[in-house]
Amino acid sequence: MPESLGPFPDDISIREGKAYRAKPSWAGKNNPTNFSLSIADVQAYAAKWPKEERAKSVDPKHFVQYDSIDGPRPVNYTASGSSPDGGFSWITVGLFDAGSSGEVRDAAFETDVLYHEYAHSAVTRLVGNDPACLAGVQPEALAEGWADFFAASFTEDPILGAWLADDALSGLRAFALDANPLSYLNLCGPVRCNAINDGEIWAGMLWDIRELFVTELGPAGARDAERLILEGMRSTPCQPTFLEARDGILLADEQLYGGEHWCALWGLFAGRGMGVDASSFGPGDDLPTPGFQTQSACFGRPTISFDRSEYGPE
């Protein structure tokens, strides 16, 4: 790549349509930096690249558009979004108040925060391929939980945003994933529904699955757990409840591993209030009925059946 980035700020590097921060742009309240990289910007700059890089660089499907919202004050905000499958995705990150330290820190330097936002795009594509499929009390919480899980698993760190929040115990969340006591009983409590807070229920559930696989297979088990959870999203319907997302994972276990983990998974789900006796009337249900019963018998495993038809492509 050329050394000079031309019109772009000199703390940005771009490769294959992706923009990466090389150093903090925050230089104090009197010298904020604001910029956004559009598709046109990247395509124009890519024209200067070596020929072998150019073909990939001008194709929007390789793009992850990056937007910095640095400014005179922290915004404590990150976000992401996706266009239809085959298009580009975008990520926005901002500055955060770093807890009691009094410092202002750039989310672009917190790896698990970036993984979290990348994961949102994957979740959107796999669960209905439409952002509307993740609208509602339970779908929104599930989306945050999936993103938290993959961010923590990829970095092998159950504490999300520890540096950004200046909190080594729980980071940006109420609990580290490996010390998370929440269950389906805690949905929308104690005051009101909140996608981030409620997402911790699902993130803790998924981390339980990861620990099950790591205990069984060693460190390689983390990748198997990630695959199970990823494939489970393909079998999760548009606007799912927690229980329908549970069923997606059980189906994925049947498909990938012949149902080898059926009993163990049911035990974990029951422990988080998503057992066989749990119920919910739909994605907007903010007071579902938790259930802590597992399958009464694991021998002669029953065939999985669903009461909805929107469970991904055949």
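# Burial, salt bridges and backbone

Q: Into which burial class does the relative accessible area of R234 place this residue?
A: In this predicted model, R234 has a relative accessible area of 38%. Buried would need under 20%, and exposed over 50%. The value lies in between, so R234 is partly exposed.

Q: Which residue meets the side chain of R234 in a salt bridge?
A: The partner lies in helix 7, as does R234. The two are three residues apart, about one turn of the helix. The N to O distance is 2.9 Å, and the partner is E231.

Q: Which residues do salt bridges with shared partners join into one network?
A: Side chains of opposite charge can pair when their charged atoms come close. One pair here is E103 with R105, whose closest N and O atoms are 2.7 Å apart. Shared partners make the network E103, R105 and D166.

Q: Which burial classes do E103 and R105 fall into?
A: The cut-off for buried is under 20% relative accessible area. R105 has 10%, so R105 is buried. E103 has 40% relative accessibility, so E103 counts as partly exposed.

Q: How many residues apart in sequence are the parts that R173 and D148 tie together?
A: R173 and D148 form a salt bridge, with the closest N and O atoms 2.8 Å apart. R173 lies in the loop between helix 5 and helix 6 (195-217), while D148 is in helix 4, so the pair ties together parts separated in sequence by 25 residues.

Q: Are R173 and D148 buried or exposed?
A: This salt bridge has its closest N and O atoms at 2.8 Å. The class is shared by both partners, R173 and D148: buried.

Q: How many salt bridges does the protein have?
A: The rule asks for a side-chain nitrogen of Lys or Arg within 4 Å of a carboxyl oxygen of Asp or Glu. Pairs that meet this rule include R173 with D148 and E231 with R234. The count comes to eight.

Q: What span does helix 3 reach from its first C-alpha to its last?
A: Helix 3 covers residues 111-126, which is 16 residues. At 1.5 Å a residue, 22 Å is expected. The model comes close to this, at 23 Å.

Q: Which helices are included in what covers the buried residues of helix 3?
A: The buried residues of helix 3 include V113, H116, A119, V123 and L126. The cover includes strand 5 and strand 6. It also includes helix 4 (137-155), helix 5 (162-165) and helix 7 (221-234).

Q: Which residue in strand 6 stands opposite T78?
A: Strand 5 (residues 78-82) has four of its five residues buried. Strand 5 pairs with strand 6 (residues 89-93) in the antiparallel sense, over five bridges. Opposite T78 stands V93.

Q: What phi does G128 take?
A: G128 comes just after helix 3. Its phi is positive, about 90°.

Q: Which residues have a positive phi although they are not glycines?
A: Most residues other than glycine have a negative phi. One exception has a phi of about 55°, in the loop between helix 3 and helix 4. Another has about 50°, in the loop between helix 7 and helix 8 (242-257). They are N129 and Q239.

Q: Into which burial class do N129 and Q239 fall?
A: N129 has a relative accessible area of 36%. Q239 has 30% relative accessibility. These values lie between the cut-offs of 20% and 50%. N129 and Q239 are therefore partly exposed.

Q: What is the omega of the peptide bond that joins G189 and P190?
A: P190 lies in the loop between helix 5 and helix 6. The bond is cis, with omega at about -5°.

Q: Over which stretches does pLDDT stay below 50?
A: The protein has a mean pLDDT of 79, and 70% of its residues reach 70 or more. Where pLDDT is low, the predicted coordinates should not be read in detail. The stretches include residues 1-39 and residues 52-58.

Q: What share of the 314 residues counts as buried?
A: The protein has nine helices and eight strands. It exposes about 14700 Å², of which carbon and sulfur atoms supply 53%. The buried share is 46%.

Methods: Residues numbered from 1 in each chain as written. Predicted model: local features only at pLDDT ≥ 70, side-chain atom pairs only at ≥ 80, totals over all residues. Heavy atoms only, no water. Buried < 20%, exposed > 50% of the residue type's maximum accessible area, 1.4 Å probe, protein only. Areas by Shrake-Rupley, 256 points an atom, 1.4 Å probe, with all protein chains shown as cover. Pairing = 2+ DSSP bridges. pLDDT = per-residue confidence, 0-100. Contact = heavy atoms within 4.5 Å. Expected span 1.5 Å × (residues − 1).
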